[in-house]
Amino acid sequence: MLRNKIADDLNVPIELIDKALKEAYAKVKLLKQVKKNGSIRLISQPSRNLKVIQYWLISNIFSKLKIHESATAYRKGHSVKNNADMHSRNRYFLKLDIKDFFPSITFNDFMPVLFEWYKTNKQDWPLDSNVENLIKRTCFDKNGRLPIGYPTSPIISNAVMYNFDSQIVSELNSNKVKFGNVVYTRYADDFTFSTEKKDSSNEIYKLIESLMITLKSPKFIINPEKTRFSSSSGGSAFLTGLRICHDGHVTIHRKYKDHVRLLLSLFKKKILKPEELVSLMGHISYIKHVDPIFYNKLQRKYFEILKELR
């Protein structure tokens, strides 16, 4: 049985696995996170023992499931910079956001994906009702929904979305006269489409809306408040926090740059608060990765300060 294998691999008594599964729903902590719009997002924090089982499942099973190349979040070697770079050569952009993305994905959505993998990758444990119960209690909430905050949720969401991502790409590629040469990426619940063809973003939106209506599972709803049409020539193309300029250059937001310059200035004057120092170091590391051109400018102006921060 799978639970025996997990216990053996982790070198723990099987009773510990059973206890973690039994207490899966009771031991979860719900943390409140305030969104930018002031609403509350609930973050689920599993027990320490349950989290160990989750990481075993990720390493030994979930990491082997198919994930579409358009999925750029939660993957090794991928980042917000990679996501933006893929769109940098296009001029017209459409951004869509899904309401309650993780909770919209259910245990029933995931099991067909797992069964498909199991059929072609036979294991030394049966994919029976015991395994189904183990995965359901370990990776989903008591209502069978994918929780926000579980380590397993991102990789499960990407696996469940494989067929839908594939369908989107197929539909777009089948009618390039109408849509142009579209680049599609999905960073978790953020769908981004870019094209060189003017006025095709509305047609792309209609296509995705139609596909989501006909999609049997998961059932998604587009968040109209976060739908954005933009163009790099207009200077308003922002993808996963990064701006795409008219020449294809990817950079960070001007307000972000100003904030970092302010922190550097305060540090130079030795009046930066200790808690802000950690934040500054994080900002510098992020800038070095996503916007090396701006980082080089900072180096020229704040060389001694950046040297001190290393």
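Reader: Hey, what do the buried residues of H8 pack against?

Author: Quite a list, and keep in mind that this is a predicted model. They pack against helices H3 (48–60), H5 (101–104), H6 (107–120), H7 (129–139) and H9 (162–173), plus strand E4 (183–187).

Reader: OK, and how many of the residues of H8 are buried?

Author: Eight of its eight, so to speak: helix H8, residues 153–160, is mostly covered. The buried ones include Pro154, Ile155, Ile156 and Val160, and also Ser153, Ser157 and Asn158.

Reader: What about the largest nonpolar core, which residues have the most contacts inside it?

Author: Those are Leu57, Phe62, Ile135, Phe191 and Phe193, in a core of 58 residues.

Reader: Let's take Leu57. What does Leu57 touch?

Author: Leaving out residues up to four places away in sequence, Leu57 touches Leu2, Ile6, Phe62, Leu134, Thr138 and Cys139. Apart from that core lies another one, of 25 residues, with Val250, Val260, Leu264 and Leu272 among them.

Reader: Why would nonpolar side chains be buried together?

Author: It's a general tendency in soluble globular proteins.

Reader: Switching topic: how many helices and strands are there?

Author: The protein has 15 helices and nine strands. Its C-alpha atoms fill a box of roughly 60 × 55 × 35 Å along the principal axes, and 44% of the 310 residues count as buried.

Reader: And charges? How many positive and negative side chains?

Author: There are 52 positive and 31 negative ones, and the centres of the two sets lie 6 Å apart.

Definitions and conventions: Residues are numbered from 1 along each chain as its sequence is written. This is a predicted model: local features need pLDDT of at least 70, side-chain atom pairs count only at pLDDT 80 or more; totals for chains, interfaces and linings use all residues. Side-chain values use heavy atoms; hydrogens and water are left out. A nonpolar core is a set of buried Ala, Val, Leu, Ile, Met, Phe, Trp, Tyr and Cys residues joined through side-chain atoms within 4.5 Å. Buried means under 20% relative accessible area, exposed over 50%, partly exposed in between (1.4 Å probe, protein chains only). Contact means heavy atoms within 4.5 Å. Helices (H or I, at least four residues) and strands (E, at least two) are DSSP runs, numbered from the N terminus. Lys and Arg count as positive and Asp and Glu as negative; His and the chain ends are not counted. The place of a charge is taken as NZ of Lys, CZ of Arg, CG of Asp or CD of Glu.
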